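Colleague: I should like to learn how to read this model. May we look at it together?

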Amino acid sequence: MIALLGRPDPATTQAIQFARGILEGSATAFYEVDGNLTLNRFVLSSNVPPSFHDQYLAGMNRLDPLHPRSASNRPIARLSTALDQCATQEAATYRAFAGQCGVADMIEFFFRRNDRIVAGMSVLWAPGCTIPDGSMHIAEKIHDYLEFNLTSRLSSNADEPPRYGLTSREMEVVELLCCGRTNREIGECLSIGLATVKTHLIHIFEKLGVETRSAVVALMSRPH
């Protein structure tokens, strides 16, 4: 079962479930990555520990050794290996955090378009789960399949030059607004607070020179 914080199409959901199944994972977390390497538009399976996701967004992401900013040119990485190779206080803190939230290990997939990471996916294992022998080899084998199926369906807006001086986050808010989402729904999709959504909208209205949501939709629907 997939708990949608974004709105993936059935083919995207199928690819995510395929990865979880073949790696015998307990849960999956798919996300998009903007030009500032900020993770957003999460698609979480129902077994992702809520405390893990909430605390991750609240600040633990800064200690994550599998964050896209640490990916270099790797297509995949494994949490236990990364932590073993990094004997720092930050690594120890992150290891304790994962364990307390019920995450025994995970493999991270990094998906690129034009040599830039545009999405990623975590396959998590809970304590006591059997991790398949050769799991990294399996992950390497399915990476290209997943990358093709998942990145081909992403919006290409992140690769376009900024429109009207809007930041990447403001563009995400605009996209959701144009889809008819309420402020609360925008906040849920982007994992930000309602006050933050309202602040983004104020800046968007100022930059676009408009006063209403309908005017934003009309302006952004014009050809580039």
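Colleague: Which backbone atom lies 3.3 Å from a polar atom of the side chain of Arg116?

Modeller: The model is predicted. A polar contact is a pair of N or O atoms within 3.5 Å. Here, the backbone oxygen of Asp34 lies 3.3 Å from a polar atom of the Arg116 side chain. In sequence, Arg116 and Asp34 are 82 residues apart, while their C-alpha atoms are 9.4 Å apart in space.

Colleague: Where does Arg116 lie, and how is its exposure classed?

Modeller: Buried means under 20% relative accessible area, and exposed means over 50%, with partly exposed in between. Arg116 lies in strand β6. Its relative accessible area is 21%, so Arg116 is partly exposed.

Colleague: How many bridges join β5 to strand β6, and in which sense do they run?

Modeller: Strand β6 comprises residues 116-125, and nine bridges join it to β5, with the two running antiparallel. One of the paired positions is Asp105, whose bridge partner in β6 is Trp125. The hairpin of β5 and β6 has two residues between the strands, and there Asn114 takes a positive phi near 55 degrees.

Colleague: Which other strand pairs with β5?

Modeller: Strand β4, residues 76-78, pairs with β5 in the antiparallel sense over three bridges. Arg78 stands opposite Ile107 in β5.

Colleague: How many residues of strand β5 are buried?

Modeller: Nine of the nine residues of β5, which spans residues 105-113, are buried, so the strand is largely enclosed by the rest of the structure. Asp105, Ile107, Phe109, Phe111 and Arg113 point one way from β5, whereas Met106, Glu108, Phe110 and Arg112 point the other way; all are buried.

Colleague: Asp34 was mentioned with Arg116. Which residue of helix α6 touches Asp34?

Modeller: Glu172 does, and its contacts also include Asn40, Arg41 and Leu190, leaving aside residues up to four places away in sequence. Glu172 is found in helix α6, residues 168-178. The relative accessibility of Glu172 is 6%, so this residue counts as buried. The side chains of Glu172 and Arg169 are joined by a polar contact of 2.9 Å.

Colleague: Which residues make the nonpolar surface patch?

Modeller: For such a patch, residues need over 30% relative accessible area. Phe18, Ile22 and Tyr145 make a nonpolar surface patch of about 250 Å². Tyr145 is placed in helix α5, residues 135-151. With a relative accessible area of 39%, Tyr145 is partly exposed.

Technical notes:
Residues numbered from 1 in each chain as written. Predicted model: local features only at pLDDT ≥ 70, side-chain atom pairs only at ≥ 80, totals over all residues. Heavy atoms only, no water. Patch = residues over 30% accessible without salt bridge, like charges linked within 9 Å, V, L, I, M, F, W, Y side chains within 5 Å. Areas by Shrake-Rupley, 256 points an atom, 1.4 Å probe, with all protein chains shown as cover. Salt bridge = Lys/Arg side-chain N within 4 Å of Asp/Glu carboxyl O. Helix = DSSP H or I, 4+ residues; strand = E, 2+ residues; numbered from the N terminus. Buried < 20%, exposed > 50% of the residue type's maximum accessible area, 1.4 Å probe, protein only. Polar contact = N/O pair within 3.5 Å; in protein donor to acceptor, adjacent residues only side chain to side chain. Contact = heavy atoms within 4.5 Å. Pairing = 2+ DSSP bridges.
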